[in-house]
Each structure stands twice: as structure tokens, then as C-alpha cells.
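Let's walk through this structure together, starting with the overall fold and then moving to its charged pairs and its surface. Keep the 3D view open as you read.

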Amino acid sequence: MSQIEKKGPPSPYLEANAGKVTDARVVDYLRLQHSVQKWIETSLNIKLGDDVQESLKNGIILCYLMTDIDPYSIPRIQEKTDQVFKLKENINFFLGAAADMGVPRHKRF
């Protein structure tokens with residue numbers, strides 16, 4: 001397995017569980033991530049970049065995905081801004097819509 005560049009301080013959780021990460025679990029994770037990426041791309045008829053997490057972190061795509069499921073679930077989508085608090089609103093709208101749809105709290109990020 002290749003080395004991953006660490007960002008920020010070490011995580012006690014990761015350090016305690018590092019031995020449990022097997023190549024099979026990494027492969028399963030990557031397959032799941034690929035499946036989710038393809039589902040989002042197909043649902044919204046878009047192409048995400050190579051870094052899926054980067055594509056989703058401002059919440060815009062998540063909001064569009066939620067409105068594809070339920071058109072009335074998101075009150076507005078903050079797109080034309082670089083202001084972090086407005087982009088965070090997208091994430092909050094998405095999480096609220098997920099809660100309204102019955103997604104358990106521990107399944108939401």
C-alpha cells in the first residue's frame with residue numbers, strides 16, 4: 001500500500017485503528033466511492049473531478065442531488081459566492097433535508 005501524505009496533526013483514532021486497515025478494506029472503500037461518484041454523475045448528468053471530496057465540499061452538488069430526489073427539499077442553493085458561511089449553508093440545507101427524509105443522525109456526516 002502506498003504512503004498517503006498527512007495533513008494536519010495526527011489523529012488518535014487513525015493511529016489506534018491503523019492495523020485494521022487492510023488492502024481489502026481499501027479496495028472496498030474505493031469501489032464504493034467510485035459507485036457513489038458514478039451515481040451522482042448519472043443522476044445530475046455532470047462529470048465530477050478526480051477529487052470527489054473536493055467537488056462536494058461546498059455543498060452545491062449535494063443540494064442539487066437532494067433536489068433531484070425531492071425538488072422541494074432545499075430552499076435555495078448558494079452558488080455564486082466564495083463566502084464560507086454561505087457555502088456552509090448548502091451543507092446545512094443538505095443535512096436538514098437528509099434528516100427530513102429519515103436518514104439517521106449517525107449516517108449523516
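The protein chain in this predicted model has five helices and zero strands. Read from the N terminus, its elements run α-α-α-α-α. Of its 109 residues, 26% count as buried. Among contacts between residues at least 6 apart in sequence, 35% join residues at least 24 apart. The chain exposes about 8800 Å², and carbon and sulfur atoms supply 56% of that area.

A good place to look inside is α4, which is mostly covered: seven of its 10 residues are buried. Those buried residues are I60, I61, L62, C63, L65, M66 and T67. What lies over them? The cover includes α2 (23-44), α3 (52-56) and α5.

Now follow the chain out of α4 (60-69) into the loop that leads to α5 (84-100), where you will find R76. R76 has 42% relative accessibility, so it counts as partly exposed. Leaving aside residues up to four places away in sequence, R76 touches E89, N90 and F93. The C-alpha atoms of R76 and N90 are separated by 8.1 Å, although these residues are 14 apart along the chain. With E89, the side chain of R76 makes a polar contact of 3.2 Å, and the two side chains also meet in a salt bridge, at 3.2 Å from N to O. Because E89 lies in helix α5 and R76 in the loop between α4 and α5, the pair ties together parts that are 13 residues apart in sequence. E89 is partly exposed as well, at 21% relative accessibility, which is just past the limit, since buried means under 20%.

That pair brings us to the other charged partners. Side chains of opposite charge can pair when their charged atoms come close. How many salt bridges does the structure hold? There are four. In one of them K57 joins E54, with the closest N and O atoms 3.4 Å apart. K57 counts as exposed at 56% relative accessibility, while E54, at 45%, counts as partly exposed.

Another salt bridge links K47 with E41, the closest N and O atoms being 3.6 Å apart. Are these two partners buried or exposed? K47 is exposed, with a relative accessible area of 64%, whereas E41 counts as buried at 7% relative accessibility. K38 belongs here too: together with E41 and K47 it is part of a network of salt bridges.

K38 also has a role in a contact with T42, a residue found in helix α2. The side chain of T42 reaches the backbone oxygen of K38 at 2.8 Å. T42 itself is exposed, with a relative accessible area of 63%.

Finally, turn the model to find a nonpolar patch on its surface. L32, V36, W39, I69, M101 and V103 make up this patch, which covers about 530 Å². Which element gives the most to the nonpolar patch? It is α2, with three residues. L32 lies in that helix, and its relative accessible area of 53% makes L32 exposed, because the exposed class begins over 50%.

Key
Residues numbered from 1 in each chain as written. Predicted model: local features only at pLDDT ≥ 70, side-chain atom pairs only at ≥ 80, totals over all residues. Heavy atoms only, no water. Helix = DSSP H or I, 4+ residues; strand = E, 2+ residues; numbered from the N terminus. Buried < 20%, exposed > 50% of the residue type's maximum accessible area, 1.4 Å probe, protein only. Contact = heavy atoms within 4.5 Å. Polar contact = N/O pair within 3.5 Å; in protein donor to acceptor, adjacent residues only side chain to side chain. Patch = residues over 30% accessible without salt bridge, like charges linked within 9 Å, V, L, I, M, F, W, Y side chains within 5 Å. Areas by Shrake-Rupley, 256 points an atom, 1.4 Å probe, with all protein chains shown as cover.
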